[in-house]
Amino acid sequence: MDRVLNLLPLLSLPAAIVLIFALPNLSRETNKKSLLFFIVSIHVMTVGAILAFFLVTIDIPAIPNTKDLLIYGGALIISAGLLWLYHGRRIRILENRLPQFSIRIIRGAVYFVLVFGVAITGLVVSQKMSEFPGRMNMVHHHTADFGGGDSSSDENTNAHHDGHDSNSDSKPISVVELKGPQTDIPDKKYVLYAETKKIRLASGESIEAWTFNGQSPGPELVANEGDLVEVRLVNKNIDSGVTIHWHGVDVPNGEDGVAGMTQDAVMPGESYTYRFVVKEEGTHWYHSHQQSSIQVQKGLFGAFIIHPSSQHETKTMDTTIVAHDWIIPDGRNIPALDTADTFQRKMVNPGTPVRLRLVNAGNLTRTFSLNCVPFKVIAIDGYELNEPGTLTTSLLRIGGGGRYDIEFIMPDTSVTLAMLIEDKPLGIVYSPDGHGKRNVLDE
Ligand SMILES: [Cu+2]
């Protein structure tokens, strides 16, 4: 809609002018006026196309607004007027004399350099404008949330301020002050060491991984709803620095682990302590948020499970399976469930309730199937589903970073969980004797 509203007038109006004014003149005898119409309308069409090109590639319109319509429509109309004057004058001059061939060549070259220069300058300027600054000040955005701070200190903001705030005379709060409880005794305490380590996949393939505590996925963090969790991150030897972001878990902004925004990256030899109260029960995960596309790929991630506070001991077999793609130096991509890049077998007693927490730690959507047992998807991205139906052959597509919790009662036959990959599926066969045959659902 946005592009239609902005682009259509730019392209269709000049085309209409050409159709109405210029084309009929082609068949008639050429006089000065019709020549002018002809040249100007063609040029206006070119201007429309250039504006449209600019809109499609650089100033991509978001929500249709009158400002855009006026700017681009106005540019078109003004160009048409200027072209009319210019060509009118040119035709008058040309009637009297034709410039020399060499002058026309030079003039053409000058125009070309001018247009090319403007285009290159535009590209360079827009590229520069789209760069992130080296350091962001979180309170100097056009619409700012001051978290109780004073909005009047920045006249660029539209932030609402009621004037009755007890903090209204104070400075804006720095993000580093937005922390969890600092002095209370934590209910759960973890230390995560970020370090390089060679890990071995089930196939025997060894990977130069970046790990938490020498393993990838890192240790599974487990807490109960309402717990104060403390995690100390120690960077042993990850040269580019590390942070931890709690994917799916709502934490005070200063604990969010976004390098360059809420904290500085933790450099080798340094440590950083996160403290926050967890409120979102469910299946979540954590990962480094310093150069995350590289660091998560190399292995700096793990599952983060938050149980409901009311949950008591059950006989449910509750397991987390983290899907990840390893890229090895020869460029091959090795998908794996935890560290299993081959089919696995597991023993489960018939009648056991099984909860599989599937985490997709990759950035591509992955398709899973569960075969030979009716099952339910009981939660997605940590949120429980309301009265989920029973599924049998449904494929489960989990987006990058997404989580599905599925539940079934173990039958006395084998059940196959599979991640469907083009050349060879990957998965786990659950069976009463641990030797069940795999039976992968076709996509
Ligand atoms: Cu994330």
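Biologist: Let's start with strand E14 (residues 376-380) and strand E17 (residues 403-409): how many bridges join them?
Modeller: Happy to, and keep in mind that this is a predicted model. E14 and E17 run antiparallel, and Ile 380 stands opposite Tyr 404 in E17. The number of bridges joining the two strands is four.

Biologist: Which strands are at the edges of the open sheet of six?
Modeller: The order across this sheet is E10-E9-E12-E17-E14-E15, with mixed pairing. An edge strand pairs on one side only. That description fits strand E10 (333-337) and strand E15 (383-384).

Biologist: And what is the sense of pairing of strand E9 (residues 317-327) with strand E12 (residues 353-360)?
Modeller: In general, strands of a sheet pair through backbone hydrogen bonds, either parallel or antiparallel. E9 and E10 take the antiparallel sense, over five bridges, with His 324 opposite Ala 336 in E10. Between E9 and E12 there are seven bridges, and Asp 318 stands opposite Arg 355 in E12. The sense for E9 and E12 is parallel.

Biologist: Which residue in the hairpin of E9 and E10 takes a positive phi?
Modeller: The hairpin has five residues between its strands. One of them has a phi near 95 degrees, and that residue is Gly 331.

Biologist: Asp 381 also has a positive phi, although it is not a glycine; is it buried or exposed, or partly so?
Modeller: Asp 381 sits in the loop between E14 and E15, with a phi of about 50 degrees. Its relative accessibility is 31%. Buried would need under 20% and exposed over 50%, so Asp 381 counts as partly exposed.

Biologist: Let's turn to the metal. Which residues are the protein donors of the copper ion?
Modeller: Both donors lie 2.0 Å from the copper ion, one through ND1 and the other through NE2. They come from distant parts of the chain, strand E5 (residues 245-247) and strand E7 (residues 282-287), and are 40 residues apart. The donors are His 247 and His 287.

Biologist: Why does His 287 count as buried, and what does His 247 count as?
Modeller: The cut-off for buried is under 20% relative accessible area. His 287 is at 8%, so it counts as buried. His 247 is at 24%, so it counts as partly exposed.

Biologist: Further on there is Gln 291, which is not a glycine: what is its phi?
Modeller: Gln 291 lies in the loop between E7 and helix H5 (292-298). At 40% relative accessibility it counts as partly exposed. Its phi is positive, about 45 degrees.

Biologist: How many of the residues of strand E2 (residues 206-212) are buried?
Modeller: E2 runs antiparallel to strand E1 (residues 188-200), with seven bridges joining them, and Arg 200 has Ser 206 as its bridge partner in E2. The two strands form a hairpin with five residues between them, where Gly 204 has a positive phi of about 100 degrees. E2 is largely enclosed by the rest of the structure because so many of its seven residues are buried, namely five.

Biologist: Which peptide bond is cis?
Modeller: The proline concerned lies in the loop between E2 and strand E3 (218-224). Omega is near -5 degrees for this bond. It is the bond from Ser 216 to Pro 217.

Biologist: Finally, helix H2 (residues 32-57) and H3: at roughly what angle do their axes cross?
Modeller: H3 (residues 66-96) reaches 45 Å from its first C-alpha to its last, close to the 45 Å expected, while the ends of H2 are 38 Å apart, in agreement with its expected span. The contact of H2 with H3 has 17 nonpolar, five polar and three charged residues. Their crossing is right-handed. The axes come within 9 Å and cross at roughly 145 degrees.

Biologist: Which residues of H3 are buried?
Modeller: An α-helix has 3.6 residues a turn, so residues three or four places apart point the same way. Spacing of that kind can be followed along much of the buried set in H3. Its members are Asp 68, Tyr 72, Leu 76, Ser 79, Leu 83, His 87, Gly 88 and Ile 91.

Key: Residues are numbered from 1 along each chain as its sequence is written. This is a predicted model: local features need pLDDT of at least 70, side-chain atom pairs count only at pLDDT 80 or more; totals for chains, interfaces and linings use all residues. Side-chain values use heavy atoms; hydrogens and water are left out. Donors are N, O and S atoms within 2.8 Å of the metal (3.2 Å for Na, K and Ca); water is not among the atoms, so sites may look incomplete. Buried means under 20% relative accessible area, exposed over 50%, partly exposed in between (1.4 Å probe, protein chains only). Two strands pair if DSSP finds at least two bridges between them. The expected span of a helix is 1.5 Å times one less than its number of residues. Axes are lines fitted to C-alpha atoms, for helices over the stretch in contact, and angles run from 0 to 180 degrees between N-to-C directions. A crossing is left-handed if the near helix is turned anticlockwise from the far one by less than a right angle, and right-handed if clockwise. Ala, Val, Leu, Ile, Met, Phe, Trp, Tyr, Cys and Pro count as nonpolar, Asp, Glu, Lys and Arg as charged, and the others, Gly among them, as polar.
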